[in-house]
Amino acid sequence: MSAISAAEKVDGFTKKSVRKAQKQRRSQGSSQFRTQSAPVELSPLPPLKDAPSTDQQELFAQKLQQCCTLFDFLDSVTDLKSKEVKRATLTELVDYVSTNRGVLVENAYPEITNMICTNIFRALPPSDNPDFDPEEDEPTLEAAWPHIQLVYEFLLRFLENPDFQPSIAKRYIDQKFVLQLLELFDSEDPRERDFLKTILHRIYGKFLGLRAFIRKQINNIFLKFIYETEHFNGVAELLEILGSIINGFALPLKAEHKQFLMKVLIPLHTAKGLALFHAQLAYCVVQFLEKDPTLTEPVIRGLLKFWPKTCSQKEVMFLGEIEEILDVIEPTQFKKIQEPLFKQIARCVANPHFQVAERALYFWNNEYILSLIEENITNVLPIMFGSLYRISKEHWNQTIVALVYNVLKTLMEMNCPLFDELTASYKAERQREKMKEQERNELWKKLEELKVSHASLVQNNSHGVPAVLNNNNNNNNNNGNNKDNNNSNNNNENQENSTDADADAADADANVAADADADAVTVGDEEPDVTDAASESASCAK
């Protein structure tokens, strides 16, 4: 046992651990490799065309069994001979089924379906890029495609063979088979999804008992994609199959089909990756409306409900789909949706993103849409006029301004009196708006002036209060000094009178009383000044 270095003990991402992780990831990422007890080496069997007719069926079965052996295509150096033997055998089987009659006997069906299931049905590996963006990133291609392609080709030739009998094959191509086939639509390899699309369409056409099941499972895949995962690689291919299926619906449409349209196809427009499958989705919606024109109103209202708010690219796609719907709409249905529809078109025309505005203005290049607008000009023109007139004066893109002028000219030619009336009312409305704006500005100006005058008044009052308080303090200090002077005078008089205690006793008593009365009068005269100052301070504070 080799010693473990200190670095490997501490660091979990050493070269040795990285190599081990890569080895494990390589074996897990191989969708075709299954661990076998011992490597199997294939040896070529005799060609079918050289075998006697009595031995061809047995040799055919042997070759089918030989093709059930699987190899690891991520390892490009092992089993090269056996891989080539299997590839040559598959090529021979495809040619044998395509060019010969009477080869699809009942005993061959289980061998054929077993070989097909063994090769194509497997768990799809996780994406190498967790943030895989089909619009930006290159898809991960199937490593075992050299063999899987031939198996798909064989299955397609098997289903298209004139001797194919659905009554026998339905025992093997059942609901489980279809369910596993639908799961493979999530493969990143577009080549595989293209084969699956053709094969599923053939199965839908030949097995009447599986049609409802196929539609239901596609319904479930879409609902899971919309409300749970938001990721499924085969949405475009499934919608392409549905386009052919919808085209074959009998009239009147079943409630099941109408519900599928409103509950599945319309909410599909909310998907982030709408650009990957919008063409197929719009085709399916238009197919429904051609089958049943009464569905036009709920479909358009559903599109308006899910109209994108922040994604200009999706908005352009929605406008394209609306134009496709208007190409097949009946005049009676147009009257029902003209108001909400053209309100949205008016918003698109006023969109600052020039591609959105340009796509909306292109509606006036469609002759059939122009005829519908002309028939309902009294309803359409008042809705569109305000946005068109404003954009003709304000839009930053000169191309849009030129297109708007052309649209306005076309609308004016349709109904000149109404156009003049709307022009006058629009200008009057703009004048009223300017007057209101001017009044609003004047009001704000007055409010600003009042605010300035009030601020200056408050500032003056705040400076006046301390001056009053200082005057009051000075008055109080003067009163105190007067009191001290009076008291000192009284003391001196008392000392002088005390020397003549015997002779002037009566006069001294009279003087003391008089001085006391004078003090009382002096204090009483100055007390109202204090109260007046206090009252003045209170009023300033208020």
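These legends walk through several close-up views of a predicted model.

**View 1. The whole chain is built from helices, with no strands****.**
Before zooming in, here's the overall picture. The chain holds 22 helices and zero strands. It has 542 residues, and 39% of them count as buried. Look at contacts between residues at least 6 apart in sequence, and you'll find that 75% of them join residues at least 24 apart.

**View 2. Tyr426 shares ring pairs with Phe385** **and with Tyr389****.**
Across the whole structure, a search turns up 18 aromatic pairs. One of them brings Phe385 and Tyr426 together edge-to-face, with 6.0 Å from centre to centre and 80° between the planes. This pair links distant parts of the chain: Phe385 belongs to helix α19 (residues 377–394) and Tyr426 to helix α21 (residues 416–499), 41 residues apart. Are these two rings buried or exposed? Phe385 is buried, at a relative accessible area of 2%, and Tyr426 counts as buried too, at 16% relative accessibility.
Tyr426 also pairs with Tyr389, and here the ring centres are 4.8 Å apart with the planes at 55°, so this pair is tilted. Once again distant parts of the chain are linked, with Tyr389 in helix α19 and Tyr426 in helix α21, 37 residues apart. Tyr389 is buried, just as Tyr426 is.

**View 3. Ile173 sits in a loop and is in contact with residues from elsewhere in the chain****.**
Find the loop between α7 (166–169) and α8 (175–183), and you've found Ile173. Its relative accessible area is 2%, so Ile173 is buried. What does Ile173 touch, leaving aside neighbours within four places in sequence? The contacts are Thr113, Phe158, Leu159, Phe164, Ile203, Phe207 and Leu210. Phe158, Phe164 and Phe207 turn up again in a cluster, where ring pairs link them with Tyr109. As for Tyr109 and Ile173, they are 64 residues apart along the chain, and their C-alpha atoms are separated by 9.7 Å.

**View 4. Helices α15 and α16 pack against each other****.**
This view shows α15 (residues 312–328) with α16 (residues 331–349), their axes 13 Å apart and at an angle of about 155°. That angle makes α15 roughly antiparallel to α16. The crossing of α15 past α16 is left-handed. Which residues meet here? From α15 come Glu315, Leu319, Ile322 and Leu326, and from α16 come Phe334, Leu341, Gln344 and Cys348.

**View 5. A lysine sits over a phenylalanine ring****.**
Here you see Lys83 and Phe73. The charged end of Lys83 sits over the ring of Phe73, and the distance to the ring centre is 4.8 Å.

**View 6. Glu153 is a buried residue in a helix****.**
Glu153 has its place in helix α6 (residues 145–160). With 19% relative accessibility, Glu153 counts as buried, since the limit for that label is under 20%. Setting aside neighbours within four places in sequence, Glu153 is in contact with Val94 and Phe195.

**View 7. Three loops hold backbone details to look out for: a cis peptide bond** **and two positive phi values****.**
Some background helps with this one. Most residues other than glycine have a negative phi, and most peptide bonds are trans.
Where is the cis bond? A cis peptide bond joins Leu251 and Pro252, with omega at about -5°. Pro252 lies in the loop between α11 (235–247) and α12 (255–265).
Now for the phi values. Asp79 isn't a glycine, yet its phi is positive, at about 55°. You'll find Asp79 in the loop between α3 (53–66) and α4 (80–99), where this residue is partly exposed, with a relative accessible area of 33%. Glu230, which is also a residue other than glycine, has a positive phi near 55°. Its place is the loop between α10 (211–229) and α11. Glu230 counts as partly exposed, at 48% relative accessibility.

How values were computed. Residues are numbered from 1 along each chain as its sequence is written. This is a predicted model: local features need pLDDT of at least 70, side-chain atom pairs count only at pLDDT 80 or more; totals for chains, interfaces and linings use all residues. Side-chain values use heavy atoms; hydrogens and water are left out. Rings of Phe, Tyr and Trp (its six-membered ring) pair if their centres lie within 6.5 Å; planes under 30 degrees apart count as stacked, over 60 as edge-to-face and the rest as tilted. Helices (H or I, at least four residues) and strands (E, at least two) are DSSP runs, numbered from the N terminus. Buried means under 20% relative accessible area, exposed over 50%, partly exposed in between (1.4 Å probe, protein chains only). A charge sits over a ring if NZ of Lys or CZ of Arg is within 6 Å of the ring centre and within 35 degrees of the ring normal. Axes are lines fitted to C-alpha atoms, for helices over the stretch in contact, and angles run from 0 to 180 degrees between N-to-C directions. Angles under 35 degrees count as roughly parallel, over 145 as roughly antiparallel, 65 to 115 as roughly perpendicular and the rest as oblique. A crossing is left-handed if the near helix is turned anticlockwise from the far one by less than a right angle, and right-handed if clockwise. Contact means heavy atoms within 4.5 Å.
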